[in-house]
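Work through the following exercises with the coordinates open, and try each task before turning to its solution.

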Amino acid sequence: MDVFEAISDLRKTAKEFDGRPVDDKAIGLMLYMATNISSAANVQPWEFIVVKDDDQKKKLAVAALRQKIVYDAPVNIVVCANMEREHLRFGKRGTLYGVQDTAAAVSLMMLAANALDLSTLWIRAFDEDSVKTILG
């Protein structure tokens with residue numbers, strides 16, 4: 001598969017998952033690849049929380065406006081932007097850079113998953129405060 005195919009495939013997000021567990025090595029590779037993107041002033045604001053626990057996934061599904069697919073996925077990777085780090089470097093403008101840099105990391109992670117023949121779905125609708133509470 002060439003890069004154009006891989007990018008086009010990202011538009012075909014998962015509607016359901018087949019229940020196969022995702023190997024820890026594959027998760028590690030996806031996370032590593034996600035960090036291979038440049039960031040504003042090399043701040044690298046991204047932080048990743050890997051969730052496999054069914055109780056946690058159930059809570060995250062509720063926080064994601066009751067999207068059942070969050071629970072059905074064998075693994076959730078919650079991607080956070082460390083805004084304190086961004087604000088130390090850039091002040092208020094750091095919020096914009098943190099969102100941009102983290103979104104770019106998510107895109108690379110999804111491309112890596114695609115290369116590993118794994119389906120992904122980027123959940124954008126969720127209650128941020130609930131997710132923060134659930135994951136501490």
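**Exercise 1.** Determine which residues of α5 meet which residues of α6 in this predicted model, and then characterise how the two helices pack.

*Solution.* Begin with the contact itself: from α5, the residues M83, E86, H87 and F90 take part, and they meet G94, T95, Y97, G98, V99 and D101 of α6. Sorted by class, this contact of α5 with α6 comprises four nonpolar, four polar and two charged residues. Next, turn to the geometry, where helix α5 (residues 83-90) and α6 are found to pack at an angle of about 130°, their axes being 8 Å apart. Because roughly antiparallel requires an angle over 145 degrees and roughly perpendicular covers 65 to 115, α5 is described as oblique to α6. Finally, the handedness of the crossing of α5 and α6 is right-handed.

**Exercise 2.** Carry out the analogous analysis for α3 and α7, giving the relative direction of the helices and the residues that meet.

*Solution.* The axes of helix α3 (residues 54-63) and helix α7 (residues 128-135) lie 9 Å apart, and the packing angle is about 165°. Since the cut-off for roughly antiparallel is an angle over 145 degrees, α3 is roughly antiparallel to α7. The crossing of α3 and α7 is right-handed. On the α3 side the participants are Q56, K59, L60 and A63, which meet S130, V131, I134 and L135 in α7. The classes represented in this contact of α3 with α7 are five nonpolar, two polar and one charged residues.

**Exercise 3.** Examine what happens at the start of α7 and just after the helix.

*Solution.* At the start of α7, the backbone nitrogen of D129 has a side-chain oxygen of D127 within 3.0 Å. Just after α7, the residue to inspect is G136, which adopts a positive phi of about 70°.

**Exercise 4.** Decide whether K57 is buried or exposed, and do the same for N114, listing surroundings where they are available.

*Solution.* K57 belongs to helix α3. Its relative accessible area is 4%, and K57 therefore counts as buried, the limit being under 20%. If neighbours within four places in sequence are set aside, K57 is in contact with V51, K52, V70, Y71, A73, P74 and N76. N114, for its part, is located in helix α6 (residues 94-115). With a relative accessible area of 15%, N114 is likewise buried. A polar atom of the N114 side chain lies 3.0 Å from the backbone oxygen of A6.

How values were computed:
Residues numbered from 1 in each chain as written. Predicted model: local features only at pLDDT ≥ 70, side-chain atom pairs only at ≥ 80, totals over all residues. Heavy atoms only, no water. Helix = DSSP H or I, 4+ residues; strand = E, 2+ residues; numbered from the N terminus. Buried < 20%, exposed > 50% of the residue type's maximum accessible area, 1.4 Å probe, protein only. Polar contact = N/O pair within 3.5 Å; in protein donor to acceptor, adjacent residues only side chain to side chain. Axes fitted to C-alpha atoms, helices over the stretch in contact; angles between N-to-C directions. Parallel < 35°, antiparallel > 145°, perpendicular 65-115°, else oblique. Left-handed = near helix turned anticlockwise from the far one by under 90°. Contact = heavy atoms within 4.5 Å. Nonpolar A, V, L, I, M, F, W, Y, C, P; charged D, E, K, R; others polar.
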